[in-house]
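Let's take a walk through this structure together, one piece at a time. Keep the picture open beside you as you read.

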Amino acid sequence: MNLTNLLRHISLKHIKLQKAQTFMAVSGICLGVAAMVSIGIVNKSVLRSFEDSINHITGRAALQITGAESGFPEGMLDRVQNAAGVEYAVPVIETNAKLSGGKERSLMILGVDVLQDNQIRDYSLTDESADIPDPLLFLAKLDSLLITRAMADREGIGLDQQIQVQTVEGIRRFRVRGILNPEGPARAAGGDIAIMDIYAAQMVFGKEGRIDRIDVSIARGETLDAVKDRIQAVLPKGYSVDTPAGRTRQVEILTMRFRKSIGLISFMGMFVGMYLIYNAVSISVVQRRKEMGILRALGATRGQIIRLFLGETFVVSVVGSLLGVGLGVFFAKLTIGSVAQSITDAYLKTSVVELAPSWSNIVTGVGIGIIASLAAAAFPARSTTGITPISAIRILPHAEDGRLLSTRIRIASAFFILVSILIFMAYKIADASSAIRSTATIFWSIVFLLLGISLSTPVFLRRFMLLFHRFLSSRLGAGGRLAGLNLQKNISRNAVAVAAIFYSVTLFVSSASMIHSGRKAMLDYIDSVERGDIIISSGHPMAVGGAPNIPMPAEMGKEIEKVPGVLSADPFRKIYLNYNGRRVLLGAFDTLGWMEYNPIMITEGGRKDILRLLPRQDNVVVNESLAARNRIKPGDFVVLPTPNGPVRFGVAAIVVSYTSDSGVIWMDIHTYQRHWHDRLADMFSVRVKANENISAVREAILDGIGKKRNLFALSAREFKDEVRTMIDRSFLVSNAVNIITMIIAGLGIIVTLLASVLERTREIGVLRSIGMRRNQVSGLVIIESVLLGVAGGILGSAAGILIGWINLEGFVRLDYGASVTYHIHYASIGWALLLSAGLSALAGLYPARRAAKTNIVQALAYE
Amino acid sequence: MIEMLNASKAYHQGTQEVHALRNVSFRIKKGEFLSIMGPSGSGKSTLLNLIGGLDQPTSGEIFIDGRPLHGISDDELTLIRRRRIGFIFQFFNLLPILTAVENVSLPLLLDGMPFSQIKPQAVNFLEKVGLGARTEHRPEQLSGGEMQRVAIARALITNPAVLLADEPTGNLDSHTSEEIFMHLKRLNEQGQTIVMVTHDPRAAAYGTRIITLKDGALSEDISLGEHAS
């Protein structure tokens with residue numbers, strides 16, 4: 001009851017009167033909530049798109065059997081069908097293709113047994129397709145295809161029309177025999193799906209005798225677990241028998257690292273928003289000290305005063321959080337494309353058709369916004385307990401607020417930094433397979449470090465101001481001298497503004513250095529494994545990652561070598577397989593050919609070992625992260641699942657490879673073909689003869705073989721540019737959050753300086769009365785503003801260098817290997833200092849203008 | 001009704017300890033109009049602050065209607081201040097963001113009463129001090145005398161046991177000061193106990209008793225009987 005009175009009659013008026021301060025507090029929490037909500041929506045939308053695709057294609061299948069990514073022998077179908085409890089077992093080919101001619105578009109091809117598949121999936125054809133020839137006729141024509149209504153409308157394709165699709169065999173023509181209504185499988189992949197007969201799919205996609213999946217329905221009266229166990233028992237090791245939900249979970253786990261990293265970024269954005277609230281409430285407490293003294297004198301208890309400030313914060317946070325939700329949905333719409341592309345580049349094809357904002361996103365965003373705001377306001381609200389009723393009567397001489405310089409704060413700062421160091425040391429000495437060796441451990445180490453450094457901001461600011469005063473102030477005239485003294489008068493409050501700049505600069509410098517190190521490592525690595533002059537791929541220029549790709553026959557290499565000017569064309573094949581619970585990349589190449597001109601970075605073992613042990617033999621090399629995680633060294637063995645069962649491979653060496661964050665295994669392509677019965681290639685590395693023109697050779701390849709297929713022929717430089725683009729795109733979201741945090745920090749400076757100007761109204765009046773010009777007054781405020789920004793910039797840059805190194809350890813080295821070295825991005829430090837000073841100067845303009853406009857007479861009467 | 005026994009107050013100013021009050025003892029009866037006088041720095045305002053519960057004595061005891069003001073929790077002291085004491089400050093101390101009627105209503109708002117219930121009372125008190133036509137004006141729209149009258153109305157709305165006035169006319173011209181003193185005198189004649197700090201003997205003459213402080217100690221205690229002015 002009391003609180004309602006105080007809120008209605010006092011707080012609301014302050015909120016309305018102090019528009020600038022209210023706006024900044026609302027903006028801070030709005031931006032923080034927007035960052036969290038947008039990233040939450042993006043993550044959820046990506047997962048929902050996976051789930052939807054899997055569910056639409058699954059139909060009535062209760063279980064799904066998968067094996068090697070290259071497919072497994074179709075003979076397994078009989079084993080599954082004959083397992084007790086299985087009602088229907090239908091084979092499926094699921095692969096990527098590209099619609100060619102006109103606007104190219106990737107699509108998913110589902111190859112199904114036309115006669116049996118309706119036991120698992122429902123197909124609804126449009127009226128115009130109702131007269132589809134009987135299924136046997138469909139079977140007889142290997143060029144038959146069903147497309148979705150969505151695709152037909154989008155591409156302007158009609159019934160019986162021919163379309164060109166890029167396949168393993170090159171560009172093939174297919175005839176549209178039917179158009180599917182948006183039901184069942186036709187709703188998967190945003191409608192970018194086509195159905196063909198499984199036999200035809202095997203032929204055109206190089207999977208003769210193999211299938212990708214078996215979908216199983218269970219007989220009535222049988223239990224899922226029992227049938228699952230029976231099926232598992234009849235299959236060789238290495239096959240996965242899972243529910244559709246289990247497959248969705250696998251995808252979740254696969255993309256978890258990426259999604260967690262952008263989730264952490266959103267957390268940092270909220271952290272900075274909290275600082276703005278803390279700042280705004282602290283300043284409000286100082287400005288309204290007299291008012292609070294009057295209320296205390298009239299009988300307001302300490303609790304009522306605390307609840308008053310928390311109540312005001314609650315109102316501001318509700319408004320800010322609700323606005324943040326709306327802004328978050330907008331940000332999600334802007335960034336969903338880039339995030340989906342980044343996941344496609346690195347993991348698997350992702351097409352997010354629509355955003356999936358949910359009530360849980362919204363409620364969580366609003367809830368966190370409110371709780372974070374109240375938590376941020378708690379400390380300054382509690383400080384009002386120090387406001388005595390006497391302060392209503394006495395005009396107390398300004399005393400430096402030494403609250404944040406106290407010994408307790410210094411001890412807390414040292415404690416947090418020590419905890420951070422201990423956590424990091426625990427991480428470093430833990431075994432590679434231990435749970436302590438995780439991004440979560442690194443995250444907490446960084447959090448404690450940031451807390452510790454930010455608590456030391458007042459001490460740093462004091463030292464910084466002393467240094468400034470000693471060396472620079474006199475060069476800036478009276479303004480410089482006064483600016484330094486003014487900032488020292490209220491170290492605690494100014495330190496909060498500095499801390500906000502510090503956070504945003506730390507984020508900026510640390511992520512820049514981490515990206516720079518990662519990019520350098522990746523490019524150095526590519527230099528070591530890809531010294532070819534031209535890289536040939538089809539479907540996607542970046543055939544090295546998870547990007548959707550259409551493999552080519554390995555024999556195409558011989559065709560390429562016939563093109564004049566070509567010295568050699570070495571095939572490279574990649575598939576993903578399960579190893580010790582993780583999806584690792586298996587890469588296969590002609591060892592002798594490849595290593596002739598690629599140095600390859602080796603960390604254990606030697607080139608001689610690889611050349612001796614790999615060609616055509618059952619030996620492999622593994623990358624550092626996989627070796628560390630599984631405690632593998634040269635001479636050990638790894639057991640890999642092949643279509644014919646598990647096979648033991650010797651480990652010849654440990655190498656550097658950043659192709660996959662889950663682990664990389666290399667083997668000779670002949671060994672791969674022998675065990676996986678797969679004679680495809682994802683990429684050819686082409687060497688051009690000496691004195692030949694590389695561009696001319698490239699054109700000759702495209703003119704010849706390229707006519708039959710849609711090939712990408714990139715020069716080595718273009719390939720590296722694509723890699724750079726891919727890396728930069730993956731950090732788009734973090735860069736966006738960096739910008740947001742800088743803006744929030746700038747707002748914090750405005751609030752701090754405005755409060756400072758108001759407090760010094762009388763002082764400014766005195767300065768004006770004795771002859772200080774208006775532009776000197778505004779110059780004084782701007783100098784203070786720039787000093788705050790530079791102090792935050794210096795501290796943030798130093799912290800950013802350190803945290804960038806820790807980040808690299810936890811978010812890059814952990815997954816890609818210890819060989820990634822840290823490179824400080826000096827340009828970003830320069831930019832950070834310039835930005836922090838520039839942004840602060842900008843932020844100081846409005847308070848400077850207010851100060852310059854001070855009415856002298858009124859100011860001298862002010863109290 | 002107010003009793004002070006050997007009350008002392010000392011505080012630190014830089015490295016020095018200042019004794020603002022030394023062993024002051026006296027009683028104030030119900031219905032008295034006590035003026036506290038003395039030179040600058042004699043401890044007048046400190047004494048008033050102790051009586052009003054704005055500050056706590058370093059040693060000694062203070063009672064209002066038998067209830068101690070010393071040795072109690074801050075919340076208990078605050079409630080006494082809210083319900084039993086009315087303050088009139090030299091610099092008015094109105095909240096600039098509130099209208100006159102809202103300023104007057106503040107003590108009851110702090111008690112949790114709905115504004116709709118308080119407002120008629122507040123308007124009534126403003127009318128009594130001659131500001132019935134200025135209820136919705138904010139302090140910046142009022143003259144010094146009007147602001148002080150709003151402060152008086154605010155001090156009276158809780159029907160306090162004692163009204164404490166610290167140099168209530170220190171910021172006003174002589175004519176307005178006269179009006180304020182007359183107002184206080186009328187209140188006292190109606191039975192309101194008033195304690196006023198002043199340095200002006202003419203102001204003190206409006207009361208019924210004068211005590212004088214010097215160097216923090218009681219030096220004189222003169223009864224004026226009925227109002228001398």
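**Sheets, helices and a hidden space**

Let's begin in chain B, where strands S2, S1, S4 and S5 line up in that order as an open sheet of four strands, paired antiparallel. Strands S2 (16-28) and S5 (67-68) of chain B sit at the edges with a single partner strand each, so one side of each has no neighbour in the sheet. Keep in mind that you're looking at a predicted model.

Now zoom in on one of those edges. Strand S4 (residues 59-64) of chain B runs antiparallel to S5(B), and two bridges join them. If you're hunting for one of these pairings, find Ile64(B): its bridge partner in S5(B) is Arg67(B). This sheet has a helix on it, too. Helix H1 (residues 44-51) of chain B lies across S1 (2-13), S2 and S4 of chain B, and runs at about 60 degrees to S2(B).

Chain B has another open sheet to explore, with six strands in the order S6-S7-S8-S3-S9-S10 and mixed pairing. Its edge strands are S6 (85-88) and S10 (217-223) of chain B, each pairing on one side only. Going from one strand to the next, the twist averages 15 degrees.

For a parallel pair, look at S3 (residues 33-37) and S9 (residues 209-214) of chain B, which pair over four bridges. Here Met37(B) stands opposite Thr212(B) in S9(B). Helix H6 (residues 174-189) of chain B packs on the sheet and touches S3, S6, S7 and S8 (193-197) of chain B, its direction making about 150 degrees with that of S8(B). Helix H5 (residues 144-156) of chain B lies across S6 and S7 (162-166) of chain B, at about 170 degrees to S6(B).

Over to chain A, and to two helices that meet. The axes of H15 (residues 457-471) and H17 (residues 491-529) of chain A come within 9 Å and cross at roughly 100 degrees, which means that H15(A) is roughly perpendicular to H17(A). On the H15(A) side, the residues in contact include Thr457(A) and Leu461(A), and H17(A) offers Ile491(A) and Val498(A), among others. Sorted by class, this contact has six nonpolar, two polar and one charged residues.

Last stop: the cavities. There are three of 30 Å³ or more, and the second largest has a volume of about 230 Å³. Which residues lie nearest the centre of that second largest cavity? They are Ala25(A), Ala280(A), Ser284(A), Glu312(A) and Val316(A), out of 15 lining residues. By class, that lining has seven nonpolar, six polar and two charged residues.

Terms used
Residues numbered from 1 in each chain as written. Chains lettered and ligands numbered in written order. Predicted model: local features only at pLDDT ≥ 70, side-chain atom pairs only at ≥ 80, totals over all residues. Heavy atoms only, no water. Pairing = 2+ DSSP bridges. Contact = heavy atoms within 4.5 Å. Axes fitted to C-alpha atoms, helices over the stretch in contact; angles between N-to-C directions. Parallel < 35°, antiparallel > 145°, perpendicular 65-115°, else oblique. Nonpolar A, V, L, I, M, F, W, Y, C, P; charged D, E, K, R; others polar. 1 Å grid on protein atoms, 1.4 Å probe; cavity = no way out; pocket = protein on both sides within 12 Å on 5 of 7 lines; lining within 4 Å. Points joined across faces, edges and corners; volume = space filled by probe spheres on them.
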